[in-house]
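Reader: I should be grateful for a close look at one part of this protein, set in the context of the whole. Please take the surface patch of nonpolar residues as the starting point and proceed from there to the interior.

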Amino acid sequence: MTVPVTLSISPAIRLGAVGFGLIAICYGFARFAFGLFLPQIDADLSLGSSLAGVISGGSFFGYCISIIVSAFATERFGARAVAVAAAGVAAIGMAGIAAAPNAFWLASAVMLAGASTGLASPPMAAAVAAAVRRDRQDITNTVINAGTSAGVALSWPIALIIGGQWRLAFAAFAVAALVLAGVLARTIPPAVAASGSGLAQGVLPPLKVDIARLIFAAFLMGAASTAIWSFGGQLATLQLGRGAMGSGALWVAIGGGGIVGAWAGALVSRFGLNHVHRVFLAAMACGILAAGLGTVMAATLAGGVLFGAAYVMLTGVYLVWGVTALSDRPATGLMIGFLTIAIGQTAGAPVFGFLLNEFGPTGAVLVFASLALLPGVMKAQKGQRRTDMQKSGPSPTV
């Protein structure tokens, strides 16, 4: 008698893979690819630096609204529904960007595409909390979070394949988002919150000292990051004089460096949250300086690698910080940290655009590199190694 053999994929691997793909599309394509294509979009629609900063800030504003909605909806309707909605909104927003005939239409589409990123992260945190062993949750969450890097790194090769046509690129990204929506519907668990954890508690928990420190740190880091996310392509074009080739190479460097962020959970477990936080804030400041002011390709690319690694690592740090501070409500804990990053980006992009117009690249980049160091004054109360915390109780596996 032959016994059939079935292959079982662990929840950590399955959710890590589909979550990585969702974050790659929503963050890498729907949100951050705008900065890569900004020089070409500006040439076609005559935006200017100040208006480009406002539009980019609109993307971050859409994120701010949607991540609050996502945390609420995940606790009310479950992870699967919200994750599928995130992919659908990304597809609609990117299709709108591809078809934009003017700046107003573009701004609306960019805001909608940016909203998909806010929808994407909380349901993945909730799904991981429900289906993955506790001792693998931080690593799984930070692997998913590193999907940003893949999306950023892939956006330029895709642009090269289709001849640098930004409209065609965003149309292709929209199709990819639709395909992923179907995959998510088959793989993400519902993960509806337990009774009493959603509406009864409200969307936002009572403010704690640890949460207040997280908010301060995440806001400043988010604001500083817009120097590269919103204007990196434009800075590379100005400094290197190589057009789309220079900005595209920077984007691949940022994406490649960002893969390091997949190890955020492991590094926090090994060295503690506060040490990892401060080291990578310094790395971000150095990356902004090198990528924003480099006049030779090697310096710009090195800065891109450093910035990408630091940014994704820091978002992983804030993810772990928020989920640890609100361990009973992981979607809300993640929402607070990521929402505050986006609020900082909403404020930072127009300010950087103004400084760029008034003082040129050097003045703007120096101010924002200095800004990147300030979050280091904040110290997480629960900054001990995660492995110590895991020994205190049983692991709620599903």
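**From a surface patch to the core**

Author: The protein has 16 helices and zero strands. The model is a predicted one. Buried residues account for 57% of its 398 residues. The accessible surface amounts to about 15,100 Å², and carbon and sulfur atoms hold 70% of that area. Of the contacts between residues at least 6 apart in sequence, 85% join residues at least 24 apart.

The patch itself comes next. Phe61, Ile65, Val69 and Met111 make up this nonpolar patch on the surface, and together they have about 340 Å² of accessible area. Helix H3, which spans residues 49–77, contributes the most to the patch, with three residues. One residue of the patch, Ile65, can be taken as an example. Isoleucine 65 lies in helix H3. Its relative accessible area is 46%, so isoleucine 65 is classed as partly exposed.

Serine 59 is also found in helix H3. Is serine 59 buried or exposed? Serine 59 counts as buried because its relative accessibility is 3%, below the cut-off of 20%. When neighbours within four places in sequence are left aside, the contacts of serine 59 are Arg31, Val110, Met111 and Gly114. Among these contacts is Met111, which is itself a member of the nonpolar patch. Serine 59 and alanine 109 are 50 residues apart in sequence, yet their C-alpha atoms are 8.6 Å apart in space.

Val110, Met111 and Gly114, which serine 59 contacts, fall within the range of helix H5, residues 103–131. Asparagine 102 occupies the loop between helix H4 (79–99) and helix H5. With a relative accessible area of 36%, asparagine 102 is partly exposed. The C-alpha atoms of asparagine 102 and leucine 47 are separated by 9.3 Å, although the two residues are 55 residues apart along the chain.

From here the description turns to the interior. The largest nonpolar core has 126 residues, and Leu22, Phe37, Met94, Leu106, Ile288 and Tyr318 are those with the most contacts inside it. Helix H15 (residues 330–371) supplies the largest share of this core, 15 residues. Methionine 94, one of the residues with the most contacts in the core, touches Ile25, Phe29, Ala30, Ala113, Phe170, Phe173, Ala174 and Ala177, with residues up to four places away in sequence not counted.

Another part of the interior can be followed through helices H12 and H13. In helix H12 (residues 264–271), the residues Ala264, Gly265, Val268 and Ser269 are buried. These residues lie on the same side of H12, because they cover an arc of only 135° around the axis. Glycine 272 follows H12 and has a positive phi, near 95°.

Helix H13 covers residues 273–293 and includes histidine 277. Histidine 277 has 0% relative accessibility and therefore counts as buried. Outside its neighbours within four places in sequence, histidine 277 is in contact with Ala217, Leu314, Val317, Tyr318, Trp321, Pro375 and Met378. One of these contacts, Tyr318, is among the residues with the most contacts inside the largest nonpolar core. Another, Pro375, is 98 residues from histidine 277 in sequence, while the C-alpha to C-alpha separation is 8.7 Å.

Cysteine 286 is found in helix H13 as well. With 43% relative accessibility, cysteine 286 counts as partly exposed, whereas histidine 277 is buried. The C-alpha atoms of cysteine 286 and glycine 304 are 9.8 Å apart, and the two residues are 18 residues apart in sequence.

In short, helix H3 holds the partly exposed isoleucine 65 and the buried serine 59. Helix H13 likewise holds the buried histidine 277 and the partly exposed cysteine 286.

Conventions
Residues are numbered from 1 along each chain as its sequence is written. This is a predicted model: local features need pLDDT of at least 70, side-chain atom pairs count only at pLDDT 80 or more; totals for chains, interfaces and linings use all residues. Side-chain values use heavy atoms; hydrogens and water are left out. Patches are made of residues with over 30% relative accessible area and no salt bridge: like charges are joined within 9 Å, nonpolar side chains (Val, Leu, Ile, Met, Phe, Trp, Tyr) within 5 Å. Accessible areas come from the Shrake-Rupley method with a 1.4 Å probe; for residues, only the protein chains shown count as cover. A salt bridge is a side-chain nitrogen of Lys or Arg within 4 Å of a carboxyl oxygen of Asp or Glu. Helices (H or I, at least four residues) and strands (E, at least two) are DSSP runs, numbered from the N terminus. Buried means under 20% relative accessible area, exposed over 50%, partly exposed in between (1.4 Å probe, protein chains only). Contact means heavy atoms within 4.5 Å. A nonpolar core is a set of buried Ala, Val, Leu, Ile, Met, Phe, Trp, Tyr and Cys residues joined through side-chain atoms within 4.5 Å. The arc is that of the directions from the helix axis to the C-beta atoms.
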